[in-house]
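Me: Let's go through the charged side-chain pairs in this model. Keep it brisk.

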Amino acid sequence: MYHSLSDLCQLAASENKPVWQIVLEAEVKDFGRNEAEIFEELKRRMQVMENAARKALNKPYPTVGNLITGMAMTQNHYADEKNTVCGDMINRTMAMALSSCEVNGSMGKICAAPTAGSCGILPAVLISVSEQLKAPQEEVLRALLVASGIGAVITENATVSGSEGGCQAECGVAAAMAAAAVVYLKGGSPEMMINACGFSLMNCMGLVCDPVAGLVQMPCAARNASQAVNALISADMALSGMGTVVPPDEIVEAMYKVGRALPVSLRETALGGIAATPTGKKIRKSIFK
């Protein structure tokens, strides 16, 4: 059994198994399902993710206050112009991340990965990279297992709650999960997977949770888009052979300590940050009268 990111690496090496297999065996043991049942559930959840990531790309969906309505479509149409700064793939990834947030904001069906507030990151990254690589469904589901293993470790040793650890614990952890999954899809080593996780968390260390009007829309949606990109660049840094210098498990611990050190106003209470700006306060009043 694994309880840390280094455990995952060591088990993969000592048992000569890929990380996804280590995670799968733990799932079988912990939940009493066989491998076929687990893959069937992964397939179902991946379908929910894909539906949400595409649903708002060409049609706006109403959200409370309409704070993020149409954002996904705007970003997607911009990607179609093929004259972007970052290129089609990154812009399409951002659009899909925004789509999941828009679906969530309109009370549609999403898969929390690891939370509803960060639901767009892992699906957008997995879909974009798997399409680029023309990866078969089986490989995508294995990548999803890798991501779940990373998420389980961080949940055990730190937190994925914005109210406890800020947005770094929601969108940051989602980026870490996605980055590790990308490294797997690209054929990277277990060490590269956990380094990608570490880079992702370092890149957004201290990110606060400050939803305008207390709604999981703004700046949450924009952070889903930005942290999807964080996952991609973190995967590339790890795949290049770079290490995080500080062990990834220590980065997870640091993230947790930073989150707990954040004032209550910056942990999902909507009392600080963007939520506390003059415009943020006006939006709250206009929505809740």
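**Salt bridges**

Me: How many salt bridges are there by the rule?

Reply: This is a predicted model, where local features need pLDDT of at least 70, side-chain atom pairs count only at pLDDT 80 or more, and totals for chains, interfaces and linings use all residues. Residues are numbered from 1 along each chain as its sequence is written, and side-chain values use heavy atoms, with hydrogens and water left out. A salt bridge here is a side-chain nitrogen of Lys or Arg within 4 Å of a carboxyl oxygen of Asp or Glu. By this rule the count is 13.

Me: Which residue forms a salt bridge with lysine 43?

Reply: Lysine 43 lies in helix α3 (residues 35-55; helices are DSSP runs of H or I, at least four residues, numbered from the N terminus). Its partner sits three residues apart in that helix, about one turn. The closest N and O atoms are 3.8 Å apart, and the partner is glutamate 40.

Me: How far apart, N to O, are glutamate 50 and arginine 54?

Reply: Glutamate 50 and arginine 54 are four residues apart in helix α3, so about one helical turn separates them. Glutamate 50 is partly exposed at 26% relative accessible area (partly exposed lies between buried, under 20%, and exposed, over 50%; 1.4 Å probe, protein chains only). Arginine 54 is also partly exposed, at 33%. Their side chains meet in a salt bridge, N to O, at 3.2 Å.

Me: What is the relative accessibility of glutamate 15?

Reply: Glutamate 15 forms a salt bridge with lysine 17, with the closest N and O atoms 3.3 Å apart. Lysine 17 is partly exposed at 28%. Glutamate 15 counts as partly exposed because its relative accessibility is 35%.

Terms used:
Helix = DSSP H or I, 4+ residues; strand = E, 2+ residues; numbered from the N terminus.
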